Every structure is written in structure tokens, then in C-alpha cells.
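Here are my notes on the model you sent, set out point by point for checking against the coordinates.

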Amino acid sequence: MEFQIQSSAFRNKNMIPSRYSGEAENLSPPLSWSGLLADAQELALICEDPDAPREKPFVHWLLYHIPPTISTLPEGMTREAQLAEPFHANQGRNSAGEIGYTGPMPPVGHGRHRYFFKIFALSKKLDLSPGCEKEDLLKAMEGKVIASAELVGTYERKAVGKTA
């Protein structure tokens, strides 16, 4: 079975419901994965928007030290750097300078943006503290990625106060 990631809130390449956006409740969406290799030691998740009007993709979420026994993330994960519930893991700093998830909120009229939820199965545990930046996470993962999967959601803001 191939390593896959999905969400019960939206299908791959479809619109992310507004409740998961910065315009509404700003909840992290529920995610699940399957087909994980037996030798994975931990998992890491990166969510980013490559369509953001900036030099580098906008990072929406960094979650790492996910135990390989976990196969789901519930909706609305807390924004703590060190998670104790529903499992022990760490979260990094997003491009808004905050810990944890921040939802889609592209500029009004900028068109439809893509949000890549990428999960990585790692051959070794990372030596990485809570609150890291994306570059730190990528460097720590070098040479340790044994599988990855991605889910793409889209979101567009057409007018102030309205969601697509």
C-alpha cells in the first residue's frame, strides 16, 4: 500500500472549507494517513502555500516528532510548541511568527491559492527543539526521509468578508 494522506474535510485538489481559514475559525483540518512503512521512526508535517505573493512559500504549519503509531490528527490541534494531547509532538513557527497552525487567508482578489499538506516518514528521530523554523526542520530531515505523501487543498478570497 502506498503512503497517502487525506482529510475528511476536503478532497485532494478541492476547496478547503472556510472554517479552516484565517477568515473564520482558523482550525487545523482533520488529517489521516495510511500505508506507513514499518521502519518509520517518526513523522513530520509541513503545510505551506507556494502561491503567496512573497519570495518563499508561506508556511502555515510545522508539526514534528509525530509518533509512527499515530495515523490521524484531529480537527483543531492546539497551538502549543510541545503537545501532550492527543499525543506527544512538537510544533514549529509558521510564517505569521506563531506556533502551530494558521489557516488560509490569501490576499483578496489574488486568485485561488494551493495549500500543500506534506507528511514525511523518517528513518530516525529528529534532534529538534519545539518552535523551530521550516529551514531547521528541513535540515534536520536531510537523509532521513523514507517516504512522503501530500494532500493539496485550495482556497480563495473573492471579497472582504466573503469566502469562496
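The points below take up strand pairing, nonpolar packing and salt bridges in turn.

1. This is a predicted model, in which local features need pLDDT of at least 70 and side-chain atom pairs count only at pLDDT 80 or more, while totals for chains, interfaces and linings use all residues. Residues are numbered from 1 along each chain as its sequence is written, and side-chain values use heavy atoms, with hydrogens and water left out.

2. In strand β9 (residues 113–122; strands are DSSP E runs of at least two residues), 8 of the 10 residues are buried, meaning under 20% relative accessible area with a 1.4 Å probe, protein chains only. β9 runs antiparallel to β4 (residues 42–49), joined by 7 bridges, and antiparallel to β10 (residues 145–155), joined by 10; strands pair if DSSP finds at least two bridges between them. L122 is the bridge partner of E42 and also stands opposite V145 in β10.

3. The largest nonpolar core (buried Ala, Val, Leu, Ile, Met, Phe, Trp, Tyr and Cys residues joined through side-chain atoms within 4.5 Å) has 29 residues, and L45, L63 and F117 are among those touching the most other members. To this core β3, β4, β5, β9 and β10 each supply at least two residues.

4. The structure holds 8 salt bridges, each a side-chain nitrogen of Lys or Arg within 4 Å of a carboxyl oxygen of Asp or Glu. E48 pairs with K118 at 3.5 Å and with K134 at 2.6 Å; K134 and E48 are both buried.

Key: Buried < 20%, exposed > 50% of the residue type's maximum accessible area, 1.4 Å probe, protein only. Helix = DSSP H or I, 4+ residues; strand = E, 2+ residues; numbered from the N terminus.
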